[in-house]
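Trainee: I have a new model open and would like to go through it with you. Could we start with the overall layout and then turn to individual residues?

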Amino acid sequence: MGNEHSETPQAPARTSIPDAADAGPTAPVDPAAGNRPLAGGRGLARPLVVYTVLRLGLIAILTAVLVLFMPLIVALLFAIIVQLPLAYVLFSGPRQRVNAAMAAASAHRRTERERLRAALAGDAPAPEHPAG
C-alpha cells in the first residue's frame, strides 16, 4: 500500500517554438529600419517620458532652491513658471526628439488611414495580416 504508484499518462511537454498566432499583438515594424517598431507603435513613449521626467526634475530642483527663500507652495508655483523657458532652452534635444516622434506617429497614422480607406473602397488589396 505504501509504495504503490499509479502511472497516469501525461501530455508530452511542448518543446517547439510557439506559433506567431500565440505570440499576441506586436507593434508594426519597418524592414528598412532594421525591424524596429514604427513610430505608431511605441516610438513616441520613450522620448515623451524622458522629456517629461527632465522637466519634472527641473521643477524639483528649482523648488528645492527656491524653498530656501520662500514658503513651499510659493516656491513650487514659482518653479513651475520659471521652468517653462528654462526647459525650452536647456532641453531642446529631447524636445526635438519628441516632436520628431510625434510627426512620425502622425505620418504613420495618416498612411495607415489612407491604406484602410483604399481597402474599404476596393482600390487596394485587403491587409496581409489577420485582424485582431
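Mentor: Let us fix one term before anything else: helices here are DSSP runs of H or I with at least four residues, strands are runs of E with at least two, and both are numbered from the N terminus. Please also keep in mind that this is a predicted model.

Trainee: Understood. Where is F69 found in that scheme?

Mentor: F69 is in the loop that joins α2 (45-66) to α3 (72-90).

Trainee: Is F69 buried or exposed?

Mentor: F69 counts as exposed, because its relative accessibility is 66% and the cut-off for exposed is over 50%.

Trainee: Which residues make up the nonpolar surface patch there?

Mentor: F69 contributes to it together with I61, V65, V67, L68 and L72, and the patch covers about 650 Å².

Trainee: Let me step back. How many helices and strands are there in the protein?

Mentor: The protein has 4 helices and 2 strands. Read from the N terminus, their order is β-β-α-α-α-α.

Trainee: And what share of the residues is buried?

Mentor: Of the 132 residues, 14% are buried. The protein exposes about 10,600 Å², and 65% of that area comes from carbon and sulfur atoms.

Trainee: What about contacts between residues far apart in sequence?

Mentor: Taking contacts with a separation of 6 or more, 50% of them are between residues 24 or more positions apart.

Trainee: Back to α2, then. What is its span from first C-alpha to last?

Mentor: α2 spans 31 Å with its 22 residues, which is close to the 32 Å expected at 1.5 Å a residue.

Trainee: Which residues of α2 are buried?

Mentor: They are P47, Y51, L58, I59, L62, T63 and L66. These residues lie on the same side of α2, because the arc they cover around the axis is only 145°.

Trainee: What does the face turned away from that side carry?

Mentor: That face of α2 carries the exposed residues R46, V49, V53, L56 and I61. I61 also belongs to the nonpolar patch we discussed with F69.

Trainee: Changing topic: how many salt bridges are there in the whole structure?

Mentor: The search finds 2. In general, side chains of opposite charge can pair when their charged atoms come close.

Trainee: Which residue pairs with E112?

Mentor: E112 pairs with R115, and their closest N and O atoms are 2.5 Å apart. Both residues lie in helix α4, 3 residues apart, about one turn of the helix. E112 is partly exposed, with a relative accessible area of 27%, and R115 is also partly exposed, at 28%.

Trainee: What is the partner of R117?

Mentor: R117 forms its salt bridge with E114, with 3.7 Å between the closest N and O atoms. About one helical turn separates R117 and E114, because they are 3 residues apart in helix α4. E114 is partly exposed, at 43% relative accessibility.

Trainee: One last topic. How far is A104 from G43 in space?

Mentor: The C-alpha atoms of A104 and G43 are 8.6 Å apart, although the two residues are separated by 61 residues along the chain. A104 sits in helix α4 (residues 92-121) and is partly exposed, with a relative accessible area of 32%.

Trainee: And how far apart are A100 and L44?

Mentor: A100 and L44 are 8.8 Å apart, C-alpha to C-alpha, with their positions 56 residues apart in sequence. A100 is likewise placed in helix α4, and its relative accessible area of 47% makes it partly exposed.

How values were computed. Residues numbered from 1 in each chain as written. Predicted model: local features only at pLDDT ≥ 70, side-chain atom pairs only at ≥ 80, totals over all residues. Heavy atoms only, no water. Patch = residues over 30% accessible without salt bridge, like charges linked within 9 Å, V, L, I, M, F, W, Y side chains within 5 Å. Areas by Shrake-Rupley, 256 points an atom, 1.4 Å probe, with all protein chains shown as cover. Salt bridge = Lys/Arg side-chain N within 4 Å of Asp/Glu carboxyl O. Buried < 20%, exposed > 50% of the residue type's maximum accessible area, 1.4 Å probe, protein only. Expected span 1.5 Å × (residues − 1). Arc of directions from axis to C-beta. Contact = heavy atoms within 4.5 Å.
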